[in-house]
Amino acid sequence: MQKMRTARLVFGLAILLLLQALQATARAAGSDETKNLPTPKEAFGFVPGTPEKLASYDEIIAYLEKLAAASPRMQLQRLGKTTEGNDFVMAIISAPENMKNLAAIRKGQARLADPRKTDASETVRIIRTQPVVVLVNCSIHSTEVGPAQMAPQLAYELCAGTDPRSERILKNVVTLLVPAHNPDGQKKVVEWYKKVKGTKYVSARPPFLYQKYVDHDNNRDWFMFTQAETRITVEKIHNVWRPQLTLDMHQMGRNGARIFVPPYIDPVEPNVDPILVAQIARAGSDVFSTLIAEGKRGVVLNAIFDAWTPARAYPHYHHGVRFLTEVASANLASSVTIKWQDLRGRYGYDPKRASWNYPAPWRGGKWTLKDIVEYNRSAALAVLDHMARNRQHWLKSYYEVARKAVAPKTNPYAFLIPPAQADPHAVRELVDILQTAMVEVHEARSSFTADGARYPKGTLVVKSAQPYGAFARAMLQRQHYPEIRNGGKLRRPYDVTAHTLPLFLGVDVVKVADPFKARLKLLDAPPAVRSRVKNSGARHFLLTARSNQAYKLVNACFEAGMSISRLREAMVVGDETWDAGTFVISPGNIKTQLTTLAKQFGLDLVGTNGVPQEKLIRYRKPRLGVYKSYWPVIDEGWTRWVLEEYGFDYVTLRDKDIRAGHLNDNFDVIVLPSQARKQIIEGRRKGSLPEEYTGGIGEIGVRQLETFVKNGGTLLAFDRATALPIEEFYLPVQNIAANLKPDQFYCPGSVLRVYIDHRHPLGFGMPEQGVVLFVNSPVFQTTAGETIVSYPMGNPLLSGWLNGEKVLFNKKAMLQIPHGNGRVILYGFRPQFRAQFRVTYKLFFNGILQSAAQ
């Protein structure tokens, strides 16, 4: 017996020595792959997070290139070009054995995402062997500098790490690291900071939009996909890698918590799977406790931010989660000191009182870039380690969400898009959005019956039961935002409450409750909109104004030198009735060019030789100016984006241009994007920025704008900017919502029903009953001028949330007010809102064209 014990002991020792030898061999191999790696300090000359030091985007990418070249744990990919032509770059970091197997890992992700293509044994194998995929998206908002500065340090630590946590992360996680989601803005902000560092201007907001068009709203583009950076992230990262978790790293105001982590406060958008809601809470609680255990103070969860709008949460509709972090800001890279008494909280916590979701209050004091980078680094590593330790659980949950997504469903069973639509181009845009989000869209090959109604061949069908049906349901149904009160006080939504694409685009979509049978074909692209030109030998050509696309053609015709008119009233030509506002294009001797343009834009033309001149309004190409303040206004950026998309030439007008006067010499129409009256007039405070950025248009500029209008010019004022002409020109118009409290009237981004004077030149191409998006907008009351858009005598809410609807009853939403020889057009909404609410574009475009009516 003693001999047997001795033999077992010797055998055990031999096994132990063998394991130690293997571990030593592994460590030696690991040391080979981690030695001689360049460090961020060697590349930049400072450690990331050093106060008053910022590495530029080019410096960060140059360093990551060197690191990728030296480490088998990392690859660097250039995925495309940004809005202003910079490289959009992503690093892939994982263990060498995973790096050699990336194609198979992507394939496994795709198989888990669509259970219709995966059997049980394959699912078990993938979950047992597959690493999870985590996307770390840094500094989508470029003035939130910390995450981008943290990114190279995180990459280095993962490539160089030999500690158990690093090895666990590398083995179990494929990390996709986007060091800066907005490279253009990161370069601008770093350049600006170097200019103002050490001066009194360092605390001021930079006087420009850091993303050329959309600035902070680049994080509101996750369902419309308008910007180059959004498209790259969706098409080249999300749709290829299908990450289980997206770590979205932001910064917030400096006077509250030091860092926010999920879970989010209510409400959660109802199409987000409950499994994902629970996963967010589980991961957030783990990261929360990890940060607290590290000694981080000021950590809060379940506060401030909700999970309502898909505009910020693409992963929630693609089996994954968006894990948001928000770290308190400084003055870019310069330190700030915050007193205890100046701390302020928002929904869900008090920064001066310990609570279950804020157990270790921050006491105030100095807050530095080093703190910001360190909090980001700790959060990123905590998230990655959580995913590594819970790899199989996350993969199982991911698969279960996908399995539920493809399970049979009713109410809705499907959404139908009938072929007879006012604007086929809007249908194409809707289908493009859905397909970009990997939603399957079918076309009926023959007629069929659904919910007792008959639908023709060519009807488009979007089934609810499909891998990404949650995205379709979220975007195609109407929203009913819940009213939430804290102690009787109304809690305001974090962002807009409606995202109903059929209403945004003006597309008729039918929700079908019960299953039906139909012959369907899966579409691999949006349906083509083909051009037809009838009577091509005629002198004039009729073009309906119902489609936004018509304005692209009209602007191209202006550029080509063709004559443009519109019908004053409806007219019958042949066997067709053409609405008031129909475009009449007279190409002269370049008819072939007109036909080519019609095909390019997918528009129908009907030739005619007989249009009585008295029935026409003639137009010349409008001379357009768009005001741009040194208070950077996102609405101005979106205005430029929309104008460029539709071919309108414009000139940017700065404060000094307005003050200089003689505006009628160069402009027919000037646009004031939505902006506070005081900001336009007073501008940036003297001494807050270098002199050239301060002062606003001033009283002189106000008088110059009024002179422009009185001398025959047209002023378009959007939303908040309407206060300037109303108050400064003494227009007989009142904004009755101006002094109402939220408990009396509140509408933070909802779709409202309106009546439109579609026979008026400003309403040409619009339906008699339409919709607007109301975002805390003005409500007009007047007996003067002409009413173009008005609210009904009843609750106008169609989607979102509205408190105090009676305030709107029978009030005005859009007015044309004569002033001297010109006019002011007041829009009590933003007709081009975020390039999302496209159904009101024509009200904007008509205002521009009407300024050049002859």
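Here are some notes on the predicted model above, going from the overall fold down to a few single residues.

1. **Overall build.** The protein chain has 24 helices and 41 strands. Its C-alpha atoms fill a box of roughly 120 × 70 × 55 Å along the principal axes. If you wonder how that squares with a globule, the radius of gyration is 30 Å, and this agrees with the value near 29 Å that a compact globule of 854 residues would have.

2. **Burial and contacts.** Of the 854 residues in the protein chain, 61% count as buried. Taking contacts with a separation of 6 or more, 79% are between residues 24 or more positions apart.

3. **The eight-stranded sheet.** This one is open, with mixed pairing, and its strands run in the order β1-β2-β4-β3-β5-β10-β6-β8. At the edges sit β1 (74–81) and β8 (299–301), each pairing on one side only. Neighbouring strands are turned by 20° against each other on average, ignoring direction. Towards the β8 end, β6 (residues 259–261) pairs with β8 in the parallel sense over three bridges, and V261 is the residue standing opposite L301 in β8.

4. **Helices against that sheet.** Helix α8 (residues 164–172) lies across β2 (87–93), β3 and β4 (173–178), and runs at about 90° to β4. Helix α10 (residues 228–241) packs on the sheet too, touching β1, β2, β3, β4 and β5. The direction of α10 makes about 25° with that of β2.

5. **Strand β5, worth a click.** How many residues of β5 (residues 245–252) are buried? Eight of its eight are. In a regular strand, side chains alternate between the two faces of the sheet. Here L245, L247, M249 and Q251 point one way, while T246, D248, H250 and M252 point the other way, and all are buried. Note that the buried set takes in D248, H250 and Q251.

6. **Partners of β5.** Strand β3 (residues 132–138) pairs with β5 in the parallel sense over five bridges, and β5 pairs with β10 (residues 321–328), again parallel, over eight bridges. M249 is a handy residue for seeing both: C138 has M249 as its bridge partner, and M249 stands opposite T325 in β10.

7. **S334, just past β10.** This serine is in the loop between β10 and β11 (336–338). Is S334 buried or exposed? Its relative accessibility is 5%, so S334 counts as buried. The side chain of S334 makes a polar contact with the side chain of Y193, at 2.6 Å. Leaving aside neighbours within four places in sequence, S334 is in contact with E52, Y193 and V202.

8. **The five-stranded sheet.** A second sheet to look at is open and antiparallel, in the order β20-β13-β17-β14-β21. Its edge strands are β20 (510–512) and β21 (520–522), each of which pairs on one side only. On average, neighbouring strands here are turned by 30° against each other, direction ignored. At the β21 edge, β14 (residues 442–444) and β21 pair in the antiparallel sense over three bridges, with H442 opposite L522.

9. **The nonpolar cores.** The largest nonpolar core has 152 residues, and those touching the most other members are M74, I93, L177, L245, W367, F471 and V751. Which helix gives this core its largest share? That is α12 (residues 369–389), with twelve residues. Apart from this core lies another, of 69 residues, among them F583, L603, V669 and A813.

10. **V751 as a way into the core.** Not counting neighbours within four places in sequence, V751 is in contact with A498, L503, F504, V771, V772, L773, P796, L797, L798, S799 and F837. Keep V771, V772 and F837 on screen for the next point.

11. **T840, a buried threonine.** T840 lies in the loop between β41 (822–827) and α24 (841–850). Its relative accessibility is 0%, so T840 counts as buried. A polar atom of the T840 side chain lies 3.3 Å from the backbone oxygen of F837. Setting aside residues up to four places away in sequence, T840 touches M766, V771, V772, F829, R830 and P831. Both V751 and T840 therefore have V771 and V772 among their contacts, under the 4.5 Å cut-off for heavy atoms.

Conventions
Residues are numbered from 1 along each chain as its sequence is written. This is a predicted model: local features need pLDDT of at least 70, side-chain atom pairs count only at pLDDT 80 or more; totals for chains, interfaces and linings use all residues. Side-chain values use heavy atoms; hydrogens and water are left out. Two strands pair if DSSP finds at least two bridges between them. Helices (H or I, at least four residues) and strands (E, at least two) are DSSP runs, numbered from the N terminus. Axes are lines fitted to C-alpha atoms, for helices over the stretch in contact, and angles run from 0 to 180 degrees between N-to-C directions. Buried means under 20% relative accessible area, exposed over 50%, partly exposed in between (1.4 Å probe, protein chains only). A polar contact is a pair of N or O atoms within 3.5 Å; within protein, one must be able to donate a hydrogen and the other to accept it, and residues adjacent in sequence count only if both atoms are side-chain atoms. A nonpolar core is a set of buried Ala, Val, Leu, Ile, Met, Phe, Trp, Tyr and Cys residues joined through side-chain atoms within 4.5 Å. The radius of gyration is taken over C-alpha atoms; the globule rule is 2.2 Å times the number of residues to the power 0.38.
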